[in-house]
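The exercises below are meant to be worked through slowly, with the sequence and the model open side by side. Try each task before reading the solution that follows it.

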Amino acid sequence: MPEFEPKIVAFCCRYCAYTAADLAGSMRLQYSPNIRVVEMPCSGTIEHGLILSTFEKGVDGVYIAGCNLGDCHFLKGNVRAIKRVAAVKKILDEIGLGGERLEFFHVPASEGTKFAQVANEMTERIRQLGPSPLNKNAAGNAQKEGGQTA
Amino acid sequence: MIVAQQKPVSEIAQMISDCKKVLFLGCAGCVTVCLAGGEKETDVLASAIRIKRTLESNPLEATTFTCTRQCDPEYIVGIDNLVKDVDAIVSLACGVGVQYLAERFKDKWVVPALDTKFIGGSVVHGLWEEKCGLCGECILHRTGGICPIIRCSKSILNGPCGGSQHGKCEVDKDVDCAWQLIYDRMRALGKLDKLMEIQPIKDWSKSRDGGPRKAIREDVMIDE
């Protein structure tokens, strides 16, 4: 059986992590191809509902990447994002999906290597956890769903 | 406003565990302002329970809608078409909204997603505190705009009591003694003499002691 390749959505602040992704590309850094980057105007624009609906669509992991504390372009957006992520982690634990599938990372714009490191770290974490039970395209789940495949 | 807080997701999920199709109904009134049952909270709750049910191999078809207010019949008349096919309605309104839904949709299982807490206001974003005891006969003009009915732990009308120490209430060091606040404010306003006036015994029949209450304004009632 092929190794499970997780699908991970990374909500990235345009002032830091998204710019760091560009830098990682310019530096020709290799990082996990499992992440799908979504540009956000600020990590503080993330909402509880958006994270949950992303999981509902079957992704295996989600992370939000924002600025270092004190560096937010909008002053406290990253602080708010951290609190929201903590709240959604609690919900995920309560409903049985597991809060460890969600994380917040600080990725400054100047650190392309940190962007690549975070992408690899999250991919490895989700690979260890296995596919989300909501991921209908994952091999094990497809069988449960009656042979549905990607 | 009425301040409410959401029940645990697992508790709400348990109430509708045997339902296949459910309407999650938010309210755009007080519970939107106190971030307990507005449009966002309704979507988050529906999403969380949908995921939980999918993981339990008991999928749930959940639809969401947010009324202007659930405590006015005219706003819930409009959701008849949404209610028609569902097994249950999860109301994210205060206890008033839940009862209005149960009265209108007599054949539907209506459950509360919120615990209705108190009448209060916001202190900072994310923190609300109780301010009104709904006693039915306001006495704030006699107490410097500070309500002893709800802000005094004993609801006494001639405080402070012996449990007031350094401006705090004996029940909790974080609770201000309402009567200390009243005294300080009346003194600052130069109205301490008002506190010396003899007041009649409070008529508690105008509060909950008189049973469920009604408020009527005949001049605005529409004759059918």
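A helix is here a DSSP run of H or I at least four residues long, and helices are numbered from the N terminus. With that in hand, A:Gly112 can be placed in helix α4 of chain A. The model is a predicted one.

**Exercise 1. A residue in a helix**

Task: Work out whether A:Gly112 is buried or exposed, and find which residues A:Gly112 is in contact with, leaving aside its neighbours within four places in sequence.

Solution: Begin with the cut-off, which is that a residue counts as buried under 20% relative accessible area. The relative accessible area of A:Gly112 is 1%, and therefore this residue is buried. Next, look at the surroundings, where A:Gly112 is in contact with A:Ala20, A:Leu23, A:Ala24, A:Met27 and A:Leu29, once neighbours within four places in sequence are left aside. As a last step, compare positions in sequence and in space: A:Gly112 and A:Glu5 are 107 residues apart in sequence, and their C-alpha atoms are 23 Å apart.

**Exercise 2. The helix as a whole**

Task: Check the span of helix α4 of chain A against its 18 residues, and determine where around the axis of α4(A) its buried residues fall.

Solution: The expected span is 1.5 Å times one less than the number of residues. For the 18 residues of α4(A), residues 112–129, this rule gives 26 Å, and the end C-alpha atoms are 26 Å apart, which agrees. Now list the buried positions of α4(A), which are A:Gly112, A:Phe115, A:Ala116, A:Val118, A:Ala119, A:Met122, A:Thr123 and A:Ile126. Seen down the axis, the buried residues of α4(A) fall within an arc of 160°, so they line one face of the helix. These buried residues pack against β1 (8–13), α1 (17–26), β2 (35–40), β3 (61–66) and β4 (102–106) of chain A. Past the end of α4(A) comes A:Gly130, whose phi is positive, near 90°.

**Exercise 3. The sheet of chain A**

Task: Establish in what order the four strands of the open sheet in chain A lie, and which strands of chain A stand at its edges.

Solution: Reading across the sheet gives the order β2-β1-β3-β4, with parallel pairing. The edges are taken by β2 and β4 of chain A, each with a single partner strand, so one side of each has no neighbour in the sheet. From one strand to the next, the twist averages 20°. Within the sheet, β1(A) and β3(A) are paired in the parallel sense over five bridges, and A:Val9 stands opposite A:Val62 in β3(A). Two helices can then be added to the picture. The helix α1(A) packs on the sheet and touches β1, β2 and β3 of chain A, its direction making about 110° with that of β1(A). The helix α4(A) also packs on the sheet, touching β1, β2, β3 and β4 of chain A, and its direction makes about 165° with that of β4(A).

**Exercise 4. The sheet of chain B**

Task: Find in what order the three strands of the open sheet in chain B lie, and what the sense of their pairing is.

Solution: The order is β1-β6-β7 in chain B, and the pairing is antiparallel. At the edges stand β1 (2–6) and β7 (127–132) of chain B, each with a single partner strand, so one side of each lacks a neighbour in the sheet. Neighbouring strands of this sheet are turned by 70° against each other on average, with direction ignored. Five bridges join β1(B) to β6 of chain B, residues 114–124, and the partner of B:Gln6 in β6(B) is B:Leu114.

**Exercise 5. Backbone exceptions**

Task: Describe what phi A:Leu75 has, what phi B:Leu35 has, and which form the peptide bond from B:Gly159 to B:Pro160 takes, cis or trans.

Solution: Start from the general rule that most residues other than glycine have a negative phi, and most peptide bonds are trans. A:Leu75, in the loop between β3 and α3 (77–95) of chain A, has a positive phi near 75°. At 69% relative accessibility, A:Leu75 counts as exposed. B:Leu35, in the loop between α2 (30–33) and α3 (39–55) of chain B, has a positive phi of about 55°. At 40% relative accessibility, B:Leu35 counts as partly exposed. Finally, the peptide bond from B:Gly159 to B:Pro160 is cis, with omega near 0°, and B:Pro160 lies in the loop between α7 (148–151) and β8 (168–169) of chain B.

Definitions and conventions
Residues are numbered from 1 along each chain as its sequence is written. Chains are lettered from A and ligands numbered from 1 in the order in which they are written. This is a predicted model: local features need pLDDT of at least 70, side-chain atom pairs count only at pLDDT 80 or more; totals for chains, interfaces and linings use all residues. Side-chain values use heavy atoms; hydrogens and water are left out. Buried means under 20% relative accessible area, exposed over 50%, partly exposed in between (1.4 Å probe, protein chains only). The arc is that of the directions from the helix axis to the C-beta atoms. Contact means heavy atoms within 4.5 Å. Two strands pair if DSSP finds at least two bridges between them. Axes are lines fitted to C-alpha atoms, for helices over the stretch in contact, and angles run from 0 to 180 degrees between N-to-C directions.
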